[in-house]
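Me: I would like a close look at one part of this protein: the place where the ligand sits. Please take me through it step by step.

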Amino acid sequence: MERVYANQLNESMLGKDVEVAGWVEDVRELGAINFIIVRDVSGGVQVVVEPSMLVSNGIKVTRQSSIKVRGRVQRSRSVNYPFEIRAESLHTYSIAKHPLPIDPTGRVSASLDARLDARALDLRNPRVAAIFKLRHNTLQIIRRFLVEKGFIEVNTPKIIGSASEGGANLFKFSYFNNRQAYLAQSPQLYKEQLTLALDRVFEIASYYRAEKSHTTRHLNEFVSVDIEAAYMDADDVMGIAEELIHNLIRELKSKCSKELSLVGSDIDVPTLPFPKVTYTQAVEMLKKEYNMSIEVGDDLSDHALRLLGERMKSFYFIVDWPTALKPFYIYERDDDPRFSYSFDLQYGALELASGGKRQHDASRLRKRLVEQGLNPEEFRDHLKVFEWGMPPHAGWGLGLDRLMMVICNVKNVREVVLYPRDTERLSP
Ligand code: AMO
């Protein structure tokens, strides 16, 4: 008999025999007649069972045990379940051993740490599962959007021989003879090189940063959506970012309204174009309106971004950052090289993405490496590509985990990552 999922039960199945498989969410023993709620990934179903069915090899079937039920579909009197199954047989695959570390129904609340320690079980909570269904849909929609825009999906190495984002935050390891190796902080150098022949590329992958700080938005391993496109400039790729986010939220709202409401998200489809503030305007605003002691050239601190986020609560870009604050590969503005064709995409105080137009001239790139205290020798393999007819190009990297925080309306990035890695967490 073919397995049906809880959400597939319908009028046409009344009187027919079906089989459902899942876990026991609830048991209500009312003497001669017992009800259990069997839940699977799609939802819950009420099952009427004989008391003897709830014992397997002399052991009582507990909540969360994995079972299969076969029986006839009938109407139910329950307000929550229009149909129920009168069990003809119940097979127990495995008994859940109590006490369990958390209650995945959410009736007994648990700390985020306790939930992460029992993540596989935590995912049986429909609210938590909804986060990861939204994440899955987000990935599907982003992939489709970028492919439609002519981008080719690529996979670049995560074990690399030179820093992609400069010296800080690198995970180093010694394994390869006479050669220091690193875990990739981003696909930056490769995605740029690939524009030479493939024109438009994107990659969705995990990256690694030795972040020492323990915040609600930093992890040591995070997923980034990266794009890079030949013959585009910063404005072009900002346009792609805002269109992507606009389409994504619109599609999620139409396809995943159930999941959005389960996670308590009421995100609106943002209007296009997203507002743009130049870095210099942001600094002036912070000085004048918030009396902050900040000068042009200073980085925007968390505090500064929080103040800006109070005024700009949704998506907006901060553009034209000082060249010195941006990595070596960013292109200086033609009209004033102290500033660059760069941007950060913000959601209120939260940085979601950064990007810009890239330096495509080999000698200027070499000069920028030196200015940033990096050794051009270590970038020899990268620099030589720039002597093979490099096109002008631009791109961005969008933190998927942070984007999911915004979509799911959660404050801690760990909520939207299955098995987060941070200075305090290496398992499960
Ligand atoms: P950047 O370093 O700003 O840019 O990273 C891009 C985006 O990745 C996310 N992010 C993180 N998310 C969680 N934990 C972290 N430790 C973490 N670090 C970064 C953020 C951030 O905006 N190569 C450039 C992008 C480009 O220019 O194309 C880069 O990596 O959402």
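To set the scene, how many helices and strands does the secondary structure of the protein come to? Then go to the ligand: which residues come nearest, and which elements supply the shell around the ligand?

Reply: A word on the source first: this is a predicted model. The secondary structure comes to 11 helices and 18 strands. The protein has 428 residues, and 52% of them count as buried. Along the principal axes, its C-alpha atoms fill a box of roughly 85 × 55 × 40 Å.

Now the ligand. The space it takes is the largest pocket. Around the ligand are 22 residues. Those that come nearest are E165, Q188, R209, E351 and S354.

Next, the elements behind that shell. Four of them each supply at least two residues: helix α4 (188–198) and the strands β13 (221–230), β17 (350–357) and β18 (393–399). Strand β17 gives the most, with 5 residues. By numbering, Q188 falls in α4. E351 and S354 fall in β17.

The chemistry of the shell is mixed. Its residues divide into 9 charged, 7 polar and 6 nonpolar.

Look at individual atoms next. R209 is among the residues that come nearest. One of its polar side-chain atoms lies 2.6 Å from a ligand oxygen. K191 also places a polar side-chain atom by a ligand oxygen, at 2.7 Å. On the nitrogen side, Y329 takes part: an N or O atom in its side chain is 3.1 Å from a nitrogen atom of the ligand. How much of the ligand is covered overall? Taken alone, the ligand exposes 620 Å², and the protein buries 93% of that.

Two residues can be set beside this picture, one buried and one exposed. Start with D344. Its place is in strand β16 (residues 342–347). D344 counts as buried because its relative accessibility is 5%, and the cut-off for buried is under 20%. Its side chain has a partner: a polar contact of 2.8 Å joins D344 to the side chain of K326.

P273 is the exposed one. This residue is found in the loop between α6 (257–263) and β14 (276–278). Its relative accessible area is 59%, and exposed means over 50%, so P273 counts as exposed. P273 and Y316 are 43 residues apart along the chain, yet 9.0 Å separates their C-alpha atoms.

Back to the ligand to finish. Keep three side chains in view: K191 and R209 at ligand oxygens, and Y329 at a ligand nitrogen.

Key
Residues numbered from 1 in each chain as written. Predicted model: local features only at pLDDT ≥ 70, side-chain atom pairs only at ≥ 80, totals over all residues. Heavy atoms only, no water. Near = heavy atom within 4 Å. Polar contact = N/O pair within 3.5 Å; in protein donor to acceptor, adjacent residues only side chain to side chain. Areas by Shrake-Rupley, 256 points an atom, 1.4 Å probe, with all protein chains shown as cover. 1 Å grid on protein atoms, 1.4 Å probe; cavity = no way out; pocket = protein on both sides within 12 Å on 5 of 7 lines; lining within 4 Å. Sits in = over half its atoms within 2 Å of the grid points. Helix = DSSP H or I, 4+ residues; strand = E, 2+ residues; numbered from the N terminus. Nonpolar A, V, L, I, M, F, W, Y, C, P; charged D, E, K, R; others polar. Buried < 20%, exposed > 50% of the residue type's maximum accessible area, 1.4 Å probe, protein only.
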